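Thanks for making time this morning. I would like to walk you through one structure, beginning with how its chains meet and ending with a helix.

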Amino acid sequence: MTMPDKDIVVKRTASVERRLDAIQSVFDERGMKATQTVEELRHLGEEEWGRNGARVVARAWVDPAFRARLLANGKDAVAELGASMPKHHRHLVVLENTPKVQNVICCTLCSCTAFTIIGLPPDWYKDLAYRSRVVRESRTVLKGMGLDLPAEVEIRVWDTTADTRYMVLPEQPPATLGWPEEKLASIVSRDSLIGVERL
Amino acid sequence: MDGIHDMGGRQGFGQVRYTRKAPAFHADWEVRVNSLYALAVRLGIFNMDEYRHAIERMEPGHYLTASYYERSLTSLATLLVEKGIVSLEELERRAEGSFPLAAPSAPGRTNAAARERFKPGDRVRVRLDFVPGHIRMPGYIRGKAGVVVGESPAYPFPDAHAHAIAAQDEPTYDVRFRSEDLWPNSADPALIHVGVFQSYLERIA
């Protein structure tokens with residue numbers, strides 16, 4: 001048996017953390033302020049963005065004129081409440097649920113979401129199972145997620161394949177009629193804005 | 001490209017691992033990846049279409065086994081190398097190991113020569129376009145007929161924007177399809193809406 005002429009060097013794939021450290025150090029050395037940016041996202045992603053959608057829904061429930069503006073031009077209407085969207089999110093379409101219609105949003109190609117309004121998308125929204133199945137097996141998928149819709153409710157799925165962003169406007173639970181806006185906002189979940197939960 | 005990223009309607013995936021109030025992030029490095037690619041976009045190093053396309057260009061086996069944020073990381077690194085910000089050798093030296101990147105890009109294209117303005121209620125068909133580069137048309141609507149329900153403002157045309165090719169901005173149309181038309185005898189009944197770029201559509205007389 002002969003030995004190979006050269007040693008074959010097999011490099012192991014670096015861990016994701018090491019790969020990321022490599023990139024972050026490149027950014028920082030080139031003056032691109034990576035570390036500061038990370039802190040900003042921590043604050044916005046986990047605190048501020050998650051509350052915007054709930055505030056918008058609560059206002060729409062108590063103010064019919066606002067609701068009409070929200071359905072006509074979502075981006076302008078949420079701006080009235082101080083909620084902004086990134087430059088490339090040029091259009092927000094608000095989808096009104098009714099007793100006979102359940103809207104559901106997804107992104108089969110990646111993970112697009114109106115994240116400054118709804119909040120950063122949850123893990124399952126980005127998973128291959130949700131992305132592949134929700135367009136083709138919507139009722140089955142929703143049932144598996146705990147939303148067992150009556151047969152007469154029509155399901156409308158919205159696949160976020162362009163720069164338009166969507167938000168579901170859930171129905172107000174009858175028991176909450178007359179509640180103050182702030183209390184209403186506290187019952188609006190992110191998952192109801194995605195459309196996989198009814199309130 | 002008809003890539004592995006085009007998940008809509010693929011079969012064989014199991015139960016959605018749903019929990020209420022599920023987190024967006026599971027580890028600190030995921031927050032860092034998300035921040036860094038967003039920073040690169042803000043700095044103009046690359047745009048969102050380039051970012052998405054670099055994820056789509058990942059080798060399919062890597063795509064399917066990588067976590068969401070590893071895909072994000074791979075796209076970010078691929079574009080930093082392609083844009084000349086850093087070399088692969090430097091990244092691998094810093095990471096002390098190999099650093100898998102996405103495959104090189106195939107050519108993109110500009111807008112369709114003939115584009116039409118549609119209005120809600122118009123019946124349209126998705127063109128039978130097969131392109132090697134970036135496209136935002138999920139495969140499950142190719143060749144399918146639907147009804148326009150909305151029009152967006154004009155956006156950069158992704159098939160060009162992901163490849164630094166000149167193109168006019170164009171609107172997308174929210175088109176309503178019946179799931180039974182998309183997957184005959186093989187779908188739960190529902191209305192499926194897709195944001196479709198004007199260049200991908202033709203009118204049904």
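Before I give any counts, let me say that two residues are taken to be in contact if their C-beta atoms, placed from the backbone, lie within 7 Å, and that what you see here is a predicted model. On that footing, the contact takes 63 residues from chain B and 64 residues from chain A. On the side of chain B that touches chain A, helix 1, helix 2, helix 4, helix 5, strand 2 and strand 4 of chain B each supply at least two residues, and the largest share, eight residues, comes from helix 1 of chain B. By character, the residues on that side of chain B divide into 36 nonpolar, 16 polar and eleven charged.

Let me turn to the sheet, an open one of seven strands with mixed pairing, whose order runs 2(A)-3(A)-4(B)-3(B)-2(B)-1(B)-5(B). Its edge strands, each pairing on one side only, are strand 2 of chain A and strand 5 of chain B. Strand 4 of chain B pairs in the parallel sense with strand 3 of chain A over four bridges, with B:Val194 standing opposite A:Asp159, and it pairs in the antiparallel sense with strand 3 of chain B over seven bridges, where B:Ile192 stands opposite B:Phe177.

Finally, how many residues of helix 2 of chain B are buried? Nine of its nine residues are, with B:Asp49, B:Arg52 and B:Glu56 among them, and the buried residues of this helix pack against helix 1, helix 4 and helix 6 of chain B.

Conventions:
Residues numbered from 1 in each chain as written. Chains lettered and ligands numbered in written order. Predicted model: local features only at pLDDT ≥ 70, side-chain atom pairs only at ≥ 80, totals over all residues. Buried ≥ 20, exposed ≤ 12 C-beta atoms within 10 Å, placed from the backbone. Nonpolar A, V, L, I, M, F, W, Y, C, P; charged D, E, K, R; others polar. Pairing = 2+ DSSP bridges.
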